[in-house]
Amino acid sequence: NSKRRTDPCNEKTWGVPWISDWDNPGQRGIQPRSSRIKRQVLLVRHGQYQNEKTKCEDSGRTLTPLGERQAKATGVYLRELFDNKSAFLEPGISEPKNFYVSDMTRAKQTSALILEGMFPGNNGKFMGKKTATEDGILRERFPCDTEPPSRHKALPADIVAAESAFSRYFHRPKSDEATCDIIVCHANVIRYFICRALQVPPEAWLRFSLPHASVTSIVIGGSGNVKVSAIGSAFHLDAADVTYSK
């Protein structure tokens with residue numbers, strides 16, 4: 001018995017209750033709604049980029065030709081999802097409502113190519129001209145220290161920024177309309193968002209990987225329940241075009 005209690009393989013790591021008001025709906029002025037009303041957030045990682053492993057200014061970290069191809073393919077894929085009312089999207093969603101993008105070069109380039117693929121000509125045919133809102137809080141960062149420990153350590157400012165970004169973009173629906181937002185950003189923050197949304201230890205974010213230009217889907221119901229319907233989906237890319245780094 002003593003051995004069983006001290007054996008780490010027998011330590012219970014589950015059974016933590018769900019926090020139903022995790023997004024502070026009262027402080028946000030969000031009224032209670034049916035769990036059937038959904039808010040879907042599609043998180044897209046930027047495409048492959050130059051100078052990933054060298055020290056240089058952000059302006060030098062531009063998409064590679066492959067990264068451009070990945071981004072365009074993702075835009076075409078997303079357009080097909082909406083046009084075909086794919087089961088990938090929650091019922092009642094016909095068009096993306098908002099586009100947000102990190103202010104880093106590779107993310108902005110990816111976002112522009114996605115919009116080009118989704119809205120050819122971007123001339124108002126699809127519910128008006130689409131643009132992406134830049135937000136520096138979505139920049140790549142090391143969001144928190146990891147378990148198992150990494151040689152990298154999170155800076156206090158990055159920890160605060162990552163949590164602020166999660167609070168800003170993740171909350172239950174504010175109306176009775178099913179909506180979908182698209183956010184183009186970075187692998188570290190996307191993985192952190194997944195852990196926070198599921199209320200699993202955020203220190204686990206480095207335990208999985210996301211391909212370039214992949215799509216992650218987080219769905220939040222009117223009651224505040226959360227499900228992740230896709231993590232790092234990249235099946236819309238040709239097999240030879242799937243990359244994780246350069």
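Buried here means under 20% relative accessible area. Keep that cut-off handy as you click around, and remember that this is a predicted model.

**Stop 1: helix α4**

Select residues 105-118, which make up helix α4. The helix has 14 residues and spans 20 Å from its first C-alpha to its last, close to the 20 Å expected at 1.5 Å a residue. Now colour the selection by accessibility. α4 is mostly covered, with ten of its 14 residues buried. The ones to highlight are Thr105, Arg106, Ala107, Thr110, Ser111, Leu113, Ile114, Leu115, Gly117 and Met118.

What sits on top of those residues? Show β1 (38-45), α3 (65-83), β2 (98-102) and β4 (179-185), which are included in the cover over the buried part of α4.

**Stop 2: α3 against α4**

Keep α4 on screen and bring up α3 next to it. Their axes are 7 Å apart and the packing angle is about 45°. Angles that are not under 35 degrees, over 145 or from 65 to 115 count as oblique, and α3 and α4 are therefore oblique to each other. Turn the view to look at how they cross: α3 passes α4 in a right-handed crossing.

For the contact itself, show side chains on both helices. From α3, pick Glu68, Ala71, Lys72, Thr74, Gly75, Val76, Leu78, Arg79 and Phe82. Their partners in α4 are Thr110, Leu113, Ile114, Glu116, Gly117 and Met118. Colour this set by class and you get seven nonpolar, four polar and four charged residues. Several of the α4 partners were on the buried list too, including Thr110, Leu113 and Ile114.

**Stop 3: Phe119**

Step along the chain to Phe119, in the loop between α4 and β3 (133-135). Is Phe119 buried or exposed? Its relative accessibility is 1%, so Phe119 counts as buried. Draw a distance from its C-alpha to that of Ala73: the two are 46 residues apart in sequence and 12 Å apart in space.

**Stop 4: the cis bond at Pro148**

Go to the loop between β3 and α5, where you'll find Pro148. Check omega for the peptide bond from Glu147 to Pro148: it is near -5°, and the bond is cis.

**Stop 5: α5 against α6**

Next, select α5 (residues 156-169) and α6 (residues 187-198). These two pack at about 60°, with axes 10 Å apart. That angle makes α5 and α6 oblique to each other, and α5 passes α6 in a right-handed crossing.

Which residues meet here? On the α5 side, show Ala162, Glu163, Ala165 and Phe166; on the α6 side, show Tyr192, Phe193, Arg196 and Ala197. By class, this contact has six nonpolar residues, two charged ones and no polar ones.

**Stop 6: two positive phi values**

Finish with a pair of backbone oddities. Asn24 lies in the loop between α1 (2-6) and α2 (25-28). Its phi is near 50°, a positive value in a residue other than glycine. With 39% relative accessibility, Asn24 counts as partly exposed.

Then jump to Ala213, in the loop between α6 and β5 (215-221). Ala213 is not a glycine either, yet its phi is positive at about 60°. How does its accessibility come out, buried or exposed? At 1% relative accessibility, Ala213 counts as buried.

Definitions and conventions. Residues numbered from 1 in each chain as written. Predicted model: local features only at pLDDT ≥ 70, side-chain atom pairs only at ≥ 80, totals over all residues. Heavy atoms only, no water. Axes fitted to C-alpha atoms, helices over the stretch in contact; angles between N-to-C directions. Helix = DSSP H or I, 4+ residues; strand = E, 2+ residues; numbered from the N terminus. Left-handed = near helix turned anticlockwise from the far one by under 90°. Contact = heavy atoms within 4.5 Å. Nonpolar A, V, L, I, M, F, W, Y, C, P; charged D, E, K, R; others polar. Expected span 1.5 Å × (residues − 1). Buried < 20%, exposed > 50% of the residue type's maximum accessible area, 1.4 Å probe, protein only.
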